[in-house]
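Dear colleague,

Please find the structure below, with its sequence. A short account of what was found in it follows.

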Amino acid sequence: MHLNPYGADAVLLAVNLVTRPATTPEELAERCEESGVESRLVRERRVTAADLAAVNIAIEEWLQVVDAEDEQTRVDLVNAMLAKYTEHPRLTNHAGDGWHMHYRPENVPVGRLVATLISTGTALHLAGRGITRLGRCATDGCDNVYADLSRTGRQRYCSPTCANRDAVRRHRARAS
(Lines give C-alpha, C1' and ligand atoms only; values in the text may rest on other atoms or scores of the structure.)
Protein backbone atom coordinates (compact mmCIF):
# COMPACT_ATOMS: atom_id res chain seq x y z
CA MET A 1 0.00 0.00 0.00
CA HIS A 2 1.28 3.45 -0.87
CA LEU A 3 0.43 6.32 1.47
CA ASN A 4 -1.10 9.44 -0.05
CA PRO A 5 1.56 12.20 -0.06
CA TYR A 6 -1.17 14.71 -0.89
CA GLY A 7 -3.09 14.20 2.33
CA ALA A 8 -2.77 15.70 5.80
CA ASP A 9 1.04 15.66 5.75
CA ALA A 10 1.09 18.16 2.88
CA VAL A 11 -1.23 20.55 4.74
CA LEU A 12 0.84 20.17 7.90
CA LEU A 13 3.96 20.97 5.84
CA ALA A 14 2.30 24.26 4.85
CA VAL A 15 1.52 24.99 8.51
CA ASN A 16 5.12 24.13 9.40
CA LEU A 17 6.48 26.45 6.69
CA VAL A 18 4.30 29.31 7.94
CA THR A 19 5.07 28.74 11.61
CA ARG A 20 8.79 28.17 11.05
CA PRO A 21 9.64 29.74 7.69
CA ALA A 22 12.56 28.24 5.81
CA THR A 23 15.15 30.94 5.14
CA THR A 24 17.66 28.79 3.28
CA PRO A 25 17.40 25.91 0.80
CA GLU A 26 18.81 23.62 3.48
CA GLU A 27 16.05 24.62 5.90
CA LEU A 28 13.43 23.94 3.21
CA ALA A 29 14.87 20.45 2.77
CA GLU A 30 14.76 19.96 6.57
CA ARG A 31 11.09 21.06 6.78
CA CYS A 32 10.18 18.62 4.01
CA GLU A 33 12.08 15.83 5.78
CA GLU A 34 10.39 16.65 9.11
CA SER A 35 6.97 16.51 7.51
CA GLY A 36 7.73 13.26 5.69
CA VAL A 37 6.31 14.69 2.47
CA GLU A 38 8.07 13.19 -0.54
CA SER A 39 11.23 13.23 1.56
CA ARG A 40 12.93 10.68 -0.69
CA LEU A 41 12.47 12.97 -3.68
CA VAL A 42 13.76 15.98 -1.78
CA ARG A 43 16.81 14.01 -0.61
CA GLU A 44 17.61 12.96 -4.18
CA ARG A 45 17.61 16.54 -5.46
CA ARG A 46 19.58 19.61 -4.50
CA VAL A 47 17.20 22.22 -3.10
CA THR A 48 18.06 25.61 -4.58
CA ALA A 49 17.38 29.26 -3.81
CA ALA A 50 14.90 29.22 -6.72
CA ASP A 51 13.04 26.34 -5.03
CA LEU A 52 12.87 28.31 -1.79
CA ALA A 53 11.53 31.37 -3.64
CA ALA A 54 8.90 29.24 -5.42
CA VAL A 55 7.76 27.69 -2.14
CA ASN A 56 7.57 31.11 -0.47
CA ILE A 57 5.25 32.30 -3.26
CA ALA A 58 3.08 29.19 -2.85
CA ILE A 59 2.95 29.74 0.93
CA GLU A 60 1.79 33.34 0.42
CA GLU A 61 -0.96 32.05 -1.87
CA TRP A 62 -1.84 29.36 0.69
CA LEU A 63 -2.15 31.99 3.44
CA GLN A 64 -4.75 33.75 1.31
CA VAL A 65 -6.71 30.47 1.35
CA VAL A 66 -6.39 30.31 5.15
CA ASP A 67 -7.53 33.93 5.54
CA ALA A 68 -10.38 33.79 3.00
CA GLU A 69 -13.45 35.66 4.23
CA ASP A 70 -15.98 33.12 2.92
CA GLU A 71 -16.25 29.62 1.48
CA GLN A 72 -16.52 30.65 -2.16
CA THR A 73 -13.42 32.83 -1.93
CA ARG A 74 -11.54 29.97 -0.27
CA VAL A 75 -12.63 27.58 -3.01
CA ASP A 76 -11.68 30.06 -5.76
CA LEU A 77 -8.23 30.55 -4.23
CA VAL A 78 -7.60 26.80 -3.87
CA ASN A 79 -8.76 26.25 -7.45
CA ALA A 80 -6.35 28.95 -8.64
CA MET A 81 -3.50 27.17 -6.85
CA LEU A 82 -4.54 23.84 -8.37
CA ALA A 83 -4.62 25.38 -11.85
CA LYS A 84 -1.18 26.89 -11.34
CA TYR A 85 0.66 23.97 -9.72
CA THR A 86 -0.98 20.71 -10.75
CA GLU A 87 -1.51 18.75 -13.91
CA HIS A 88 -3.86 15.93 -14.81
CA PRO A 89 -3.70 13.07 -12.31
CA ARG A 90 -1.79 9.98 -13.35
CA LEU A 91 -0.93 6.60 -11.91
CA THR A 92 2.77 5.98 -11.38
CA ASN A 93 5.08 3.42 -9.83
CA HIS A 94 8.21 5.53 -10.21
CA ALA A 95 9.92 4.16 -7.10
CA GLY A 96 8.82 0.55 -7.48
CA ASP A 97 6.90 0.73 -4.20
CA GLY A 98 3.37 0.46 -5.56
CA TRP A 99 1.00 2.29 -7.85
CA HIS A 100 -0.21 5.65 -6.67
CA MET A 101 -1.51 8.98 -7.94
CA HIS A 102 0.58 11.99 -8.91
CA TYR A 103 -0.75 15.40 -9.83
CA ARG A 104 2.50 16.60 -11.39
CA PRO A 105 5.05 15.55 -13.99
CA GLU A 106 7.76 13.19 -12.75
CA ASN A 107 10.78 15.48 -12.86
CA VAL A 108 9.93 18.88 -11.46
CA PRO A 109 12.09 21.12 -9.28
CA VAL A 110 11.59 20.80 -5.53
CA GLY A 111 9.82 24.17 -5.36
CA ARG A 112 7.16 23.04 -7.83
CA LEU A 113 6.91 19.65 -6.10
CA VAL A 114 6.20 21.28 -2.73
CA ALA A 115 3.72 23.76 -4.26
CA THR A 116 1.88 20.87 -5.94
CA LEU A 117 1.76 18.87 -2.72
CA ILE A 118 0.48 21.83 -0.70
CA SER A 119 -2.19 22.87 -3.20
CA THR A 120 -3.45 19.33 -3.81
CA GLY A 121 -3.22 18.39 -0.13
CA THR A 122 -5.17 21.49 0.83
CA ALA A 123 -7.89 20.77 -1.72
CA LEU A 124 -8.23 17.17 -0.50
CA HIS A 125 -8.16 18.33 3.14
CA LEU A 126 -10.95 20.88 2.60
CA ALA A 127 -13.06 18.58 0.42
CA GLY A 128 -12.64 15.58 2.73
CA ARG A 129 -12.78 17.18 6.16
CA GLY A 130 -14.68 20.41 5.56
CA ILE A 131 -14.14 23.74 3.87
CA THR A 132 -13.66 25.53 7.21
CA ARG A 133 -10.85 23.28 8.43
CA LEU A 134 -8.06 25.87 8.11
CA GLY A 135 -7.69 28.94 10.25
CA ARG A 136 -5.77 31.28 12.50
CA CYS A 137 -5.38 30.75 16.22
CA ALA A 138 -8.21 32.24 18.31
CA THR A 139 -5.87 33.33 21.13
CA ASP A 140 -5.44 37.10 21.29
CA GLY A 141 -1.95 37.99 20.13
CA CYS A 142 -1.31 34.71 18.33
CA ASP A 143 -1.41 34.78 14.56
CA ASN A 144 -0.32 31.17 13.93
CA VAL A 145 -2.24 29.01 11.47
CA TYR A 146 -3.66 25.53 12.00
CA ALA A 147 -5.06 22.73 9.90
CA ASP A 148 -7.97 21.15 11.76
CA LEU A 149 -7.47 17.38 11.77
CA SER A 150 -9.68 16.85 14.81
CA ARG A 151 -12.51 14.35 14.77
CA THR A 152 -15.10 16.99 15.66
CA GLY A 153 -13.88 19.75 13.35
CA ARG A 154 -13.92 22.37 16.10
CA GLN A 155 -10.25 23.28 16.41
CA ARG A 156 -9.72 26.99 17.10
CA TYR A 157 -6.17 27.08 18.41
CA CYS A 158 -2.76 26.43 16.90
CA SER A 159 -1.57 24.40 19.90
CA PRO A 160 -2.63 23.06 23.29
CA THR A 161 -0.55 25.84 24.87
CA CYS A 162 -2.65 28.53 23.20
CA ALA A 163 -5.89 26.69 24.03
CA ASN A 164 -4.86 26.52 27.70
CA ARG A 165 -3.75 30.17 27.74
CA ASP A 166 -7.12 31.26 26.35
CA ALA A 167 -9.04 29.04 28.80
CA VAL A 168 -7.14 30.59 31.72
CA ARG A 169 -7.87 34.09 30.37
CA ARG A 170 -11.61 33.29 30.08
CA HIS A 171 -11.66 31.75 33.56
CA ARG A 172 -9.99 34.79 35.09
CA ALA A 173 -12.35 37.13 33.25
CA ARG A 174 -15.36 35.27 34.70
CA ALA A 175 -13.86 35.27 38.21
CA SER A 176 -13.30 39.03 38.29
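**Packing of H4 and H6**

Helices H4 and H6 pack with their axes 7 Å apart, at an angle of about 20 degrees (axes are lines fitted to C-alpha atoms over the stretch in contact, and angles run from 0 to 180 degrees between N-to-C directions; helices are DSSP runs of H or I of at least four residues, strands runs of E of at least two, numbered from the N terminus). The two helices are therefore roughly parallel to each other, a term for angles under 35 degrees. On the H4 side, the contact (heavy atoms within 4.5 Å) is made by residues including Ala58, Ile59 and Trp62, and on the H6 side by residues including Val114, Ala115 and Ile118.

The model is predicted: local features need pLDDT of at least 70 and side-chain atom pairs pLDDT 80 or more, whereas totals for chains, interfaces and linings use all residues. Residues are numbered from 1 along each chain as its sequence is written, and side-chain values use heavy atoms, without hydrogens and water.

**The core and H1**

Beyond its neighbours within four places in sequence, Ile59 is in contact with Ala14, Leu17, Val18 and Ile118. Among the buried residues of H1 (residues 8-19) are Ala14, Leu17 and Val18, where buried means under 20% relative accessible area with a 1.4 Å probe, protein chains only. Their cover includes H2, H4, H6 and strands S3 and S4.

The largest nonpolar core (buried Ala, Val, Leu, Ile, Met, Phe, Trp, Tyr and Cys joined through side-chain atoms within 4.5 Å) has 35 residues, of which Leu17, Leu28, Ile59, Trp62, Val114 and Leu134 touch the most other members. H1, H2, H4, H5, H6 and S4 each supply at least two residues of this core.

With kind regards

Key
The expected span of a helix is 1.5 Å times one less than its number of residues. Buried means under 20% relative accessible area, exposed over 50%, partly exposed in between (1.4 Å probe, protein chains only). Angles under 35 degrees count as roughly parallel, over 145 as roughly antiparallel, 65 to 115 as roughly perpendicular and the rest as oblique.
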